[in-house]
Amino acid sequence: EAGSMEGAEALEVLARGADREWRDGLFKLGMVKFYMDGALGSRGAALLEPYADDPGNRGLLLMDREAAKRGLAAALRAGFQCAVHAIGDRGNRVLLDAWEELRASGDPAFLPRPVPAAPASGIGDLPPVLPPVRLEHAQILAPDDIPRVGALGVLASMQPTHCTSDMPWAPDRLGERRLPGAYAWRSMVEAGAVFAAGSDFPIEPPDPLFGIYAAVARRGRDGIPAEGWSPDQRLTREEALLAFTAAPAYACGDLHRRGTLTAGKDADLVVWDRDLLACPQEDLLRARARLTVTGGRVTWRDPDMPQGAPPAEGAR
């Protein structure tokens, strides 16, 4: 049964436990992923009401609330973080209901796990904890459920390019009435959730600049629509950069050593050929990396950048 965590393979993983690292800490096993529903494009995302373009179809709910509770409880008690794929408003609500019940039980296994405190970086006051539950995608939520994400301590792991890829047909699936809860990054942040951005590669291209541009412009890489799709949900440049840097480090409990350029942390950084905070919006798509550094070691250098040359004026 989906979510039961009772199969032989699942029990073996739980018995081994979390937080094992390989390749000098570049790979860590610390998470179990669950699936609440399918995808919006295939009409498999679980919706509270039928699809606007397929009456009678509410999508596929792969776990009910009790199965979700059993799965989350087993993984958390074994020391794992839980990442839950949920795209439709019904899938997201069932997950939030299940987690709310578990959290109210008072079981210490369901509390955020403390991690080392991060050196002061001036970017905010994220607590030194590992969030127990990550909501992966969270593409469509009922407006009443958006404030519950932050209130329940659930991390919103969302992918901005999903919005710009889906916007040509998402209104057909959802109808205009449900669009305010679709790809609602601004609403999620303002309601108190931590928003960690990613690409969902290989579903979308891995280039973070595509995601940053989608987050701040709500337009496709072709610049359409010119006014942006649901522009009230756009993020600022600073919010988008944090969503792709500090927030993912926080999401996996590594903010004490990664995610910001702060003394005492690993030197993981990219030098760009322009200032991503100040350049014209369309230039985000034209920016090019000049240098990449991982753990203090140069892992790639632009062949046109002379050895020992400083980055260009204003580059970040």
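These questions and answers walk through the helices, sheets and overall dimensions of a predicted model.

Me: How many helices and strands does the chain have?
Reply: This is a predicted model. The count covers the chain. It has 10 helices and 12 strands.

Me: What radius of gyration does the chain have, and what would a compact globule have?
Reply: The C-alpha trace spans about 60 × 45 × 30 Å along its principal axes. A compact globule of 316 residues would have a radius of gyration near 20 Å. The chain agrees with that, because its own value is 20 Å.

Me: What is the strand order in the open sheet of five strands?
Reply: The pairing in this sheet is parallel. Its edge strands are β3 (31–35) and β9 (195–197), and each pairs on one side only. Neighbouring strands are turned by 25 degrees against each other on average, direction ignored. The order is β3-β4-β7-β8-β9.

Me: Which residue of β8 stands opposite R134?
Reply: Strand β7 (residues 133–137) and strand β8 (residues 155–158) run parallel. Three bridges join them. Opposite R134, in β8, stands L155.

Me: Which strands are the edges of the open sheet of three strands?
Reply: The order in this sheet is β10-β11-β12, with antiparallel pairing. From one strand to the next, the twist averages 20 degrees. An edge strand here pairs on one side only. The edges are β10 (269–272) and β12 (297–301).

Me: Which residue in β11 stands opposite V270?
Reply: β10 and strand β11 (residues 289–294) run antiparallel. Four bridges join the two. Opposite V270 in β11 is T292.

Me: What is the bridge partner of L291 in β12?
Reply: Four bridges join β11 to β12. The two strands run antiparallel. In β12, L291 has as its bridge partner R301.

Me: Which residue in the hairpin of β11 and β12 takes a positive phi?
Reply: Two residues lie between the strands of this hairpin. The phi in question is near 60 degrees. The residue that takes it is G295.

Me: Are α2 and α3 parallel or oblique to each other?
Reply: Helix α2 (residues 65–77) and helix α3 (residues 89–104) have axes that come within 9 Å. The axes cross at roughly 55 degrees. That angle is neither under 35 degrees nor in the range 65 to 115, so α2 is oblique to α3.

Me: How many residues of the contact of α2 with α3 are nonpolar, polar and charged?
Reply: α2 passes α3 in a right-handed crossing. On α2 the contact is made by R65, E66, A68, K69, L72, A73 and L76. On α3 it is made by V94, L95, D97, A98, W99, E101 and L102. The contact divides into nine nonpolar, no polar and five charged.

Me: Are α8 and α9 antiparallel or oblique to each other?
Reply: Helix α8 (residues 208–217) and helix α9 (residues 237–244) pack with their axes 9 Å apart. The angle is about 140 degrees. Roughly antiparallel needs an angle over 145 degrees, so α8 and α9 are oblique.

Me: What handedness has the crossing of α8 and α9?
Reply: The contact is made by P208, G211, I212, A215 and V216 of α8 and R237, A240, L241 and F244 of α9. These residues divide into seven nonpolar, one polar and one charged. α8 passes α9 in a crossing that is right-handed.

Notes:
Residues are numbered from 1 along each chain as its sequence is written. This is a predicted model: local features need pLDDT of at least 70, side-chain atom pairs count only at pLDDT 80 or more; totals for chains, interfaces and linings use all residues. Side-chain values use heavy atoms; hydrogens and water are left out. Axes are lines fitted to C-alpha atoms, for helices over the stretch in contact, and angles run from 0 to 180 degrees between N-to-C directions. A crossing is left-handed if the near helix is turned anticlockwise from the far one by less than a right angle, and right-handed if clockwise. Contact means heavy atoms within 4.5 Å. Ala, Val, Leu, Ile, Met, Phe, Trp, Tyr, Cys and Pro count as nonpolar, Asp, Glu, Lys and Arg as charged, and the others, Gly among them, as polar. Two strands pair if DSSP finds at least two bridges between them. The radius of gyration is taken over C-alpha atoms; the globule rule is 2.2 Å times the number of residues to the power 0.38.
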